[in-house]
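Q: I would like to learn how to read helix packing and burial from a set of coordinates. Could we work through one example together?

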Amino acid sequence: MTQHSLAPGRERWLLLTIAGIQFTHILDFMIMMPLGPQFTQLFGISDAQFGLLVSAYTFSAGFSGLAAATYVDRFDRKRLLLVLYGLFALATLACGLAPGYGFLMAARVAAGLFGGVLSALSQTIVADVVPFERRGRAMGIVMSSFSFSTVAGLPIGLFLASYWGWQLPFLAIAGLSGVLAVAAALTLPPLRGHLHAHGKPSALRAIGRVLANRNHLRAFGFSALLVFAGFCVIPFITIYLQSNAGVLPEQVPYIYLVGGVTTLVTARWIGRLTDRRGKVAVFSALAAIVTAPILTMTLLPPWPLPVILVATTALFVFLSGRMIPGMALTGAADPSLRGTFMALNGAVQSASMGFASFLSGLVIGRDAAGQVQNYWVAGVIGVGASLASISLARRLVIHSAAPAGRA
């Protein structure tokens with residue numbers, strides 16, 4: 001049951017505002033990775049130090065998401081969102097003003113700390129405000145922000161960085177966040193109904209119940225492997241392409257633009273295929289197929305740009321394609337504990353992303369000519385994680401579905 005019933009016009013503006021908030025914090029995380037070559041050169045840091053820079057956000061977001069499970073239901077959701085989003089905007093502004101590596105690292109930790117809760121909090125607000133019969137469409141509007149950040153936000157941010165410096169994308173995100181914070185203050189109603197709910201278990205007790213369920217633990221392991229496989233290679237794609245494959249800095253935005261548009265198109269087809277053929281079956285197929293693009297990406301020679309675009313686009317399509325049936329498999333959660341499970345699951349995924357980025361940064365190195373070495377080793381680790389996730393997916397018990405393995 002929703003806490004508020006809004007007029008259609010105001011509900012539409014609320015959803016667009018929430019989608020904008022999602023867009024900014026997703027883009028803030030994603031924009032770091034293709035800027036790797038600029039950071040390593042300007043700050044004189046190693047690839048391992050850059051991996052740690054990427055990991056800082058995800059580790060911080062994981063801790064923040066875990067902590068949120070203990071306090072998120074104790075405050076007016078509107079007020080909590082505005083406070084966290086305002087602090088996130090300030091942290092992102094600090095990223096754009098960072099004079100050196102250490103300052104930037106601290107700013108990334110702060111951005112992850114405040115931004116790590118925004119996704120779960122945004123989805124909770126939609127569930128509070130939008131009636132059940134319209135909630136699927138509403139969630140679709142909000143979650144489209146991820147695709148939009150890939151198709152439009154990332155290429156635009158890279159164009160800005162190419163011509164006016166790496167700082168400008170962060171400054172632009174901070175400015176847009178300030179505008180959206182004002183919009184949120186105007187469009188969101190007070191959301192305090194959950195403060196008067198009775199009979200709910202304490203946060204720590206709910207966490208204990210989730211962790212006591214073996215199927216939940218398998219689901220956490222599956223989620224960790226799901227994102228680990230991709231983040232073994234994703235943070236270093238641009239560094240490798242410019243150092244080893246001969247891609248020019250001004251060509252990098254086209255790689256993400258073509259990959260994003262293609263992914264946006266194929267996602268709809270994969271979603272329909274998942275419903276028709278079953279989540280486990282489609283996930284298993286895609287998790288096996290993606291191993292080829294992963295290894296290809298980590299061994300790319302200096303090929304012409306159109307050929308490189310085929311290889312990188314295939315990687316984006318199948319890496320993101322796995323996520324569609326993979327995220328649907330979160331039906332493994334006991335419905336009575338799904339809220340706490342999702343909060344913990346987000347923390348697990350953030351930590352896994354950070355660990356994968358950090359580990360790959362330690363694995364790869366540079367030769368005397370500055371070319372990346374051992375990127376293929378990171379690819380092999382990612383392949384192993386992807387294949388291991390298939391085994392765990394088949395062992396999950398899916399609630400409110402057909403027998404396990406046929407979901």
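The dialogue below goes from the whole chain to helix pairs and then to single residues.

Q: What should be settled before any detail, and how many helices and strands are there?
A: Start with the origin of the coordinates: this is a predicted model. Then take the inventory, which here is 17 helices and two strands. Burial comes next, and 52% of the 407 residues of the chain count as buried.

Q: What share of the contacts with a separation of 6 or more comes from residues 24 or more positions apart?
A: In this chain that share is 85%. A single pair shows how such a separation looks: L84 and L118 are 34 residues apart in sequence, yet their C-alpha atoms are 7.5 Å apart in space.

Q: Where does L84 lie, and is L84 buried or exposed?
A: L84 belongs to helix α4, which spans residues 77–96. Its relative accessible area is 8%, under the 20% cut-off, so L84 is buried.

Q: How is the packing of α4 and α8 read from their axes?
A: Take the distance between the axes and the angle between them. For α4 and helix α8 (residues 167–187), the axes come within 8 Å and cross at roughly 160°. Because that angle is over 145 degrees, α4 is roughly antiparallel to α8. The handedness is a separate reading, and α4 passes α8 in a left-handed crossing.

Q: Which residues make up the contact between α4 and α8?
A: On the α4 side they include Y85, F88, A89 and C95. Their counterparts in α8 include F170, L171, I173 and A174. By class, the contact holds 14 nonpolar, four polar and one charged residues.

Q: C95 is in that contact; is C95 buried or exposed, and how many disulfides are there?
A: C95 has 0% relative accessibility, so C95 counts as buried. Another cysteine, C232, has a relative accessible area of 1% and is therefore buried as well. A disulfide is a covalent bond between the sulfur atoms of two cysteines. Burial and bonding have to be checked separately, and a search of the whole structure finds zero disulfides.

Q: How do α13 and α15 pack?
A: The same steps apply. Helix α13 covers residues 279–289 and helix α15 covers residues 305–328; their axes are 9 Å apart, at an angle of about 155°. That angle makes α13 roughly antiparallel to α15. The crossing of the two is left-handed.

Q: Which residues of α13 and α15 meet?
A: K279, V282, F283, L286, A287 and I289 in α13 meet a set in α15 that includes F318, R322 and P325. The contact divides into eight nonpolar, two polar and two charged residues.

Q: Which residues of α13 are buried, and what covers them?
A: The buried ones include V282, F283, L286 and A287, and these four also take part in the contact with α15. V280 and S284 are buried too. The cover over the buried residues of α13 includes α10, α12, α14, α15 and α17.

Q: α10 and α15 are both part of that cover; at what angle do α10 and α15 pack?
A: The angle is about 170°, with the axes 10 Å apart. That makes α10 roughly antiparallel to α15. In this contact F222, L226, V227, A229 and G230 of α10 meet L319, R322, M323, G326 and M327 of α15. Seven of these residues are nonpolar, two polar and one charged. R322 and G326 of α15 also appear in the contact with α13.

Notes
Residues are numbered from 1 along each chain as its sequence is written. This is a predicted model: local features need pLDDT of at least 70, side-chain atom pairs count only at pLDDT 80 or more; totals for chains, interfaces and linings use all residues. Side-chain values use heavy atoms; hydrogens and water are left out. Buried means under 20% relative accessible area, exposed over 50%, partly exposed in between (1.4 Å probe, protein chains only). Axes are lines fitted to C-alpha atoms, for helices over the stretch in contact, and angles run from 0 to 180 degrees between N-to-C directions. Angles under 35 degrees count as roughly parallel, over 145 as roughly antiparallel, 65 to 115 as roughly perpendicular and the rest as oblique. A crossing is left-handed if the near helix is turned anticlockwise from the far one by less than a right angle, and right-handed if clockwise. Contact means heavy atoms within 4.5 Å. Ala, Val, Leu, Ile, Met, Phe, Trp, Tyr, Cys and Pro count as nonpolar, Asp, Glu, Lys and Arg as charged, and the others, Gly among them, as polar. A disulfide is a pair of cysteine sulfur atoms within 2.5 Å.
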